[in-house]
Amino acid sequence: MPSAATRDPVILDGPGQWWARLADRQPALAHAALVSGVLGLAALAAGLVDPRLYNGVDIWMKPAKFFLSAAIYMATLAWFFPLLGRRGEGWLGRVLAWGTIAGMTVELVIISLQAARGVGSHFNTAMAVDGALFTVMGVTILVTTLGLPLAATAIARTASPEVSPVYRWAVVIGLAAAWLGCLEGMVIAQNGGHWVGGTPSDAGGIPPVYWSRDGGDLRVAHFFGIHAMQAIPLIGFLAARFLPRSTAWPAMLGGAAGYGLFAGWTFLAALDGRPLL
């Protein structure tokens, strides 16, 4: 018989029920994710009326992508919060939730402020204030993402009869892999940007992310690394729910390894100056 990954279904009756479940798991993170998502849509709308460009695309595209990415990040953490057990109700839960919200807020405010000024937020040292804002943003997000290994460690130590070990460890692996994906941002910083060869412009890139078509782009591996926190747990959920226990573990581990190898390949390809497409 297939084992149940969790008593909570992944596919619910509708958006309203999904939102209620998410808000019940961690209200602060859920509401922050909702606000970030709405602001991401607002940034997309701003790009329709603001003719200014940066790196060949509208100036509000970067804030829009970061707002939407932050929304997915915080919503995912909120969904995983019950796996922390009682730890999620103590200091660990408060640090993880409010630390994430505070860090994301700082980064998103700076990115939006720089877009409103018509200048870049990353790797911009044209003026002292630009360099200072970039430094603050980098340090803040580095500290914020420490919540990923913190959460992974706590979930690894919190077993529950209601949650399949296959699914729980898929979440642990996914969070740990996502942290490695976040650390790839340090490689981008050391490179002085995300382009490796090719045209240093987002114009003509692969929409909606605008990855380079004629050179390496370190954002590709950064993207797939961070989104391991959704992909690998989903693999674990499906394996635990639909496969016998004897094959669920190999399926989950194999799927996680395959995803990791693909993300690693995109990283090496970018360093070699090769585009994803």
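So, how far apart should the ends of helix 3 be at 1.5 Å a residue, and what do its end C-alpha atoms give? With 20 residues, the expected span is 28 Å, taking 1.5 Å times one less than the number of residues. The end C-alpha atoms sit 29 Å apart, which agrees.

Quick housekeeping: this is a predicted model, with local features needing pLDDT of at least 70 and side-chain atom pairs counting only at pLDDT 80 or more, while totals for chains, interfaces and linings use all residues. Numbering runs from 1 along each chain as its sequence is written, and side-chain values use heavy atoms, leaving out hydrogens and water.

Helices here are DSSP runs of H or I, at least four residues, numbered from the N terminus. Helix 3, residues 61-80, is mostly covered, with 14 of its 20 residues buried, meaning under 20% relative accessible area with a 1.4 Å probe, protein chains only.

Helix 3 packs with helix 9, residues 228-242, at about 40°, axes 10 Å apart. Those axes are lines fitted to C-alpha atoms over the stretch in contact, and the angle, on a scale from 0 to 180 degrees, is between N-to-C directions. That makes the pair oblique, so not under 35 degrees, not over 145 and not 65 to 115.

Who touches whom? From helix 3, Ile72, Tyr73, Thr76, Leu77 and Phe80 meet Met229, Gln230 and Pro233 of helix 9, contact being heavy atoms within 4.5 Å.

Last stop: histidine 222, in helix 8, residues 219-226. Leaving aside neighbours within four places in sequence, histidine 222 contacts Gly181, Cys182, Glu184, Gly185 and Ile188. Cysteine 182 is 40 residues away in sequence, but 6.5 Å away C-alpha to C-alpha.

Definitions and conventions: Helices (H or I, at least four residues) and strands (E, at least two) are DSSP runs, numbered from the N terminus. Buried means under 20% relative accessible area, exposed over 50%, partly exposed in between (1.4 Å probe, protein chains only).
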